[in-house]
Amino acid sequence: MTMVCAVCGKRGARVRRATRTCGNGKTFLLIEGVPVVRCSRCGESYLTAQTLREIERIKQDRRRLARRRVVPVARFGGMA
Ligand SMILES: [Zn+2]
């Protein structure tokens, strides 16, 4: 199901789930399953205002919502 793109106004945008990171060091947080709108017409990808609000809410409530997990981290082109 496609929806109208907020950038170009044409129908052709789809929602995909992606992993986003925010902050760094002690404030670093990785959020899985973030709905990202990607438009096949103009190639733009963006988050809706509602998604951004939800991300803010998750960041505010990270102590309760986040789980610690050990993950391998690599840096493109070199050492992590
Ligand atoms: Zn578009």
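Me: Before we start, two strands count as paired if DSSP finds at least two bridges between them. With that in mind, how many residues lie between β3 and β4 in their hairpin?

Reply: This is a predicted model, and in it the hairpin of β3 and β4 has 5 residues between the strands, with Gly 43 in the turn taking a positive phi of about 80°. The two strands pair in the antiparallel sense over 2 bridges, and in one bridge Arg 38 has Ser 45 of β4 as its partner.

Me: And what does Arg 38 in β3 stand opposite on the other side, towards β2?

Reply: There the residue opposite Arg 38 is Arg 14. The pairing of β2 (residues 11-22) with β3 (residues 29-39) is antiparallel too, and it runs over 9 bridges. Cys 22 is placed opposite Leu 29 of β3, and in the hairpin joining β2 and β3, which has 6 residues between the strands, Gly 23 has a positive phi near 70°.

Me: What about β1, how does it pair with β2?

Reply: β1, residues 3-4, pairs with β2 in the antiparallel sense over 2 bridges, with Val 4 and Arg 11 as bridge partners. These two strands also form a hairpin, with 6 residues between them, and the turn holds Gly 9 at a positive phi of about 80°.

Me: So what's the strand order overall, and which strands are on the edges?

Reply: The sheet is open, has 4 strands and follows the order β1-β2-β3-β4 with antiparallel pairing. Its edge strands are β1 and β4, since each of them pairs on one side only.

Me: Switching to the metal: which residues are the protein donors of the zinc ion?

Reply: Zinc is held by the SG atoms of Cys 5, Cys 8, Cys 39 and Cys 42, at 2.3 to 2.4 Å. The spacing of these donor residues in sequence is C-x2-C-x30-C-x2-C.

Me: Which geometry does the site have?

Reply: The site is tetrahedral, and the angles among its 4 donor atoms are 104 to 115°. For comparison, the ideal angle for four tetrahedral donors is 109.5 degrees.

Me: Where do Cys 5 and Cys 42 sit along the chain?

Reply: Cys 5 belongs to the loop between β1 and β2, whereas Cys 42 belongs to the loop between β3 and β4, so this pair ties together parts that are 37 residues apart in sequence.

Me: Are those two buried or exposed?

Reply: Cys 5 is buried, because its relative accessibility is 2% and buried means under 20%. Cys 42, at 35% relative accessibility, counts as partly exposed.

Me: OK, on to packing. Where does helix α1 lie?

Reply: Helix α1 covers residues 49-60 and lies across β2 and β3, with its direction at about 180° to that of β3. Thr 51 is one of the residues in α1, and with a relative accessibility of 10% it is buried. Leaving aside residues up to four places away in sequence, Thr 51 touches Val 34 and Pro 35.

Me: Which residues make up the largest nonpolar core?

Reply: It consists of 8 residues, namely Cys 22, Leu 29, Ile 31, Val 34, Val 36, Leu 47, Ile 55 and Ile 58. Two elements, β3 and α1, give two or more residues to this core, and β3 has the largest share, with 4 residues. Another core of 5 residues lies apart from it, and its members include Ala 13, Val 37, Cys 39 and Tyr 46. Cys 39 is also one of the donors of the zinc ion.

Me: What does Leu 29 touch?

Reply: Not counting residues up to four places away in sequence, its contacts are Arg 20, Thr 21, Cys 22, Ile 58, Lys 59, Arg 62 and Ala 66.

Me: Last one: where is Leu 65 found, and what does it touch?

Reply: Leu 65 is in helix α2, residues 62-65, and it touches Arg 57 and Ile 58, again not counting residues up to four places away in sequence. With a relative accessible area of 34%, Leu 65 is partly exposed.

Technical notes:
Residues numbered from 1 in each chain as written. Predicted model: local features only at pLDDT ≥ 70, side-chain atom pairs only at ≥ 80, totals over all residues. Heavy atoms only, no water. Donors = N, O, S within 2.8 Å, 3.2 Å for Na, K, Ca; no water. Tetrahedral: all angles 85-135°; square planar, octahedral: opposite > 155°, others 65-115°. Buried < 20%, exposed > 50% of the residue type's maximum accessible area, 1.4 Å probe, protein only. Contact = heavy atoms within 4.5 Å. Axes fitted to C-alpha atoms, helices over the stretch in contact; angles between N-to-C directions. Core = buried A, V, L, I, M, F, W, Y, C linked by side-chain atoms within 4.5 Å.
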